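Thank you for making the time this morning; I would like to take you through one model, and I will try to keep to what can be read from its atoms. Please have the viewer open while I talk.

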Amino acid sequence: MALAFSNTNKFLLNNQHILRSVLILSVRYKQRGHIADHLVEHHRKLPLSKVKTSATEDVSQVNDEKNQNVRTTPHDFKYVYPDFLPNPIPFLRDRILEKLERKDMFRRRQQIDIPEFYVGSVLAVTSADPYAPSRRNRFVGICIQREKHGLKHEFTLRNIVDGLGVEIVYELYNPTITRIEVLKLERRLDENLAYLRDAPPEYCTFPFDMEPVKLPPGSGVPLNTIQVPITSTHWQYKWERHDLKGVLLPPLPRSVRKAAERYSEPWRQWDIMRQYRTEIHDEDRDEIFEDIEKHKQDLAQYRIDSKENIKIIRTRQKAAGRKAILDDSQQTKHSNPPTSK
């Protein structure tokens, strides 16, 4: 009697080696992930709540001592010192180069006072210019952006001069810069004010003889919530596609609004991984902040020592001048002896 095998039975007979390997892998997986029943019951009956209070107190004391030794980085570190933050992309970083650049930055900060400023602050930068009449060039403008890292950090100033928009890009650690003055310290709603190029000229026009605006002592950095209208007919960028808070856009056609909605990325505000991709680790920030605090102390001591050296040099010069005057008077006495009558 011939056996009538179905298609499934024929498949099983023809692929026995495949089935055997699958069974072996499943058994090994079960053995690897299997936990004995008595271990599970022991874990369930474990008195976790009956922990000795003395042990917890010891652990809390140790944690308190560790927290006292650890210095926390301020939350506004990336706004106050954006030039010290390295590149957040890991494969573009070089730790040795970062430390060497940081030393050069500290050495430059001993020669020139670099104040705290933000995007939206009004600055006056004096730089050496061999072609200027007084060998100095002073430019006043609003800071519209800050970019790059380390010694290559740059900031851009914009002003309207004789009806024309003028922008100058300065390297923060350029040795030709002799002085940086903050005429008006404030922040804006956006981190980039490039849209001022398409705004009315009165929003970025500042006199070169502008007097500095002094803030009351103890006050924080003011936030300017002004919204700038866009009046230019030809925009340099499609500002409607950017999430800008300080811009008032004119009425747009329906097609432009639809395209902006199509290219918008509303999920970016909920993208947690984007924050990790654009910021460095907390340990690196703490290390950089400790170097900055140490540099501040060294800079204060350096200024005190320099003042004392200047006083010593001045007193030596005065003493040497007095000695020279006394020697001259004595020589004149010896050369002209008194005549006896």
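What follows goes from the whole chain to its main pocket, and then to a handful of single residues.

I should say at the outset that this is a predicted model, so please hear every value I quote as one computed from predicted coordinates.

Let me begin with the overall picture. The protein has nine helices and seven strands, and of its 341 residues, 25% count as buried. The exposed area comes to about 26000 Å², and carbon and sulfur atoms supply 54% of that area. If we take the contacts between residues at least 6 apart in sequence, 67% of them join residues that are at least 24 apart.

Now to the pocket. The largest pocket has a volume of about 2100 Å³, and its lining is made up of 48 residues. Which of these lie nearest the centre of the pocket? They are K78, Y79, E191, R274 and T278. Sorted by class, the lining holds 17 nonpolar, 11 polar and 20 charged residues, which may be useful to anyone here who thinks in terms of electrostatics.

As for the elements involved, at least two lining residues come from each of α5 (77-80), β2 (136-147), α7 (254-263), α8 (272-278) and α9 (282-335). Where does the largest pocket lie with respect to the domains? Both domain 1, which covers 72-235 + 242-264, and domain 2, which covers 281-327, give residues to the lining, and the pocket therefore lies between them.

Let me turn to the backbone, and to two residues whose phi angles deserve a look. As a general matter, most residues other than glycine have a negative phi. K148, which is not a glycine, nevertheless has a positive phi of about 70 degrees. K148 sits in the loop that runs between β2 and β3 (154-161), and with a relative accessible area of 45% K148 is partly exposed. The second case is D162, again a residue other than glycine, with a positive phi near 55 degrees. D162 belongs to the loop between β3 and β4 (164-171). Is D162 buried or exposed? At 79% relative accessibility, D162 counts as exposed.

Finally, I would like to go through three buried residues and their surroundings, leaving aside in each case the neighbours up to four places away in sequence.

F139 is in strand β2, and F139 is buried, its relative accessible area being 5%, which falls under the 20% cut-off. The contacts of F139 include L123, A124 and V125, together with L157, N159, V166, I168, Y170 and F208. The C-alpha atoms of F139 and R158 are 9.3 Å apart in space, while the two residues are 19 apart in sequence.

I177 lies in strand β5, residues 177-184, and at 3% relative accessibility I177 also counts as buried. Which residues does I177 touch? Its partners are R108, I112, V125, T126, S127, Y170, E171 and L172. V125 and Y170 thus appear in the contacts of I177 as well as in those of F139. From I177 to R136 the C-alpha separation is 9.6 Å, across 41 residues of sequence.

The last one, L85, is found in a loop, the one between α5 and α6 (95-111). L85 is buried, with a relative accessible area of 15%. L85 touches F77, K78, H149 and I280, and K78 takes us back to the pocket, since we met K78 among the residues nearest the pocket centre. L85 and H153 are 68 residues apart along the chain, with 10.0 Å between their C-alpha atoms.

That is the tour, and I am happy to go back to any part of it.

Conventions:
Residues are numbered from 1 along each chain as its sequence is written. This is a predicted model: local features need pLDDT of at least 70, side-chain atom pairs count only at pLDDT 80 or more; totals for chains, interfaces and linings use all residues. Side-chain values use heavy atoms; hydrogens and water are left out. On a 1 Å grid over the protein atoms alone, a cavity is a set of points where a 1.4 Å probe fits but cannot get out, and a pocket is an open set with protein on both sides within 12 Å along at least five of seven lines; lining residues have an atom within 4 Å of a point. Grid points are joined across faces, edges and corners, and a volume is the space filled by probe spheres set on the points. Ala, Val, Leu, Ile, Met, Phe, Trp, Tyr, Cys and Pro count as nonpolar, Asp, Glu, Lys and Arg as charged, and the others, Gly among them, as polar. Domain bounds come from an automatic or database domain assignment. Buried means under 20% relative accessible area, exposed over 50%, partly exposed in between (1.4 Å probe, protein chains only). Contact means heavy atoms within 4.5 Å. Accessible areas come from the Shrake-Rupley method with a 1.4 Å probe; for residues, only the protein chains shown count as cover.
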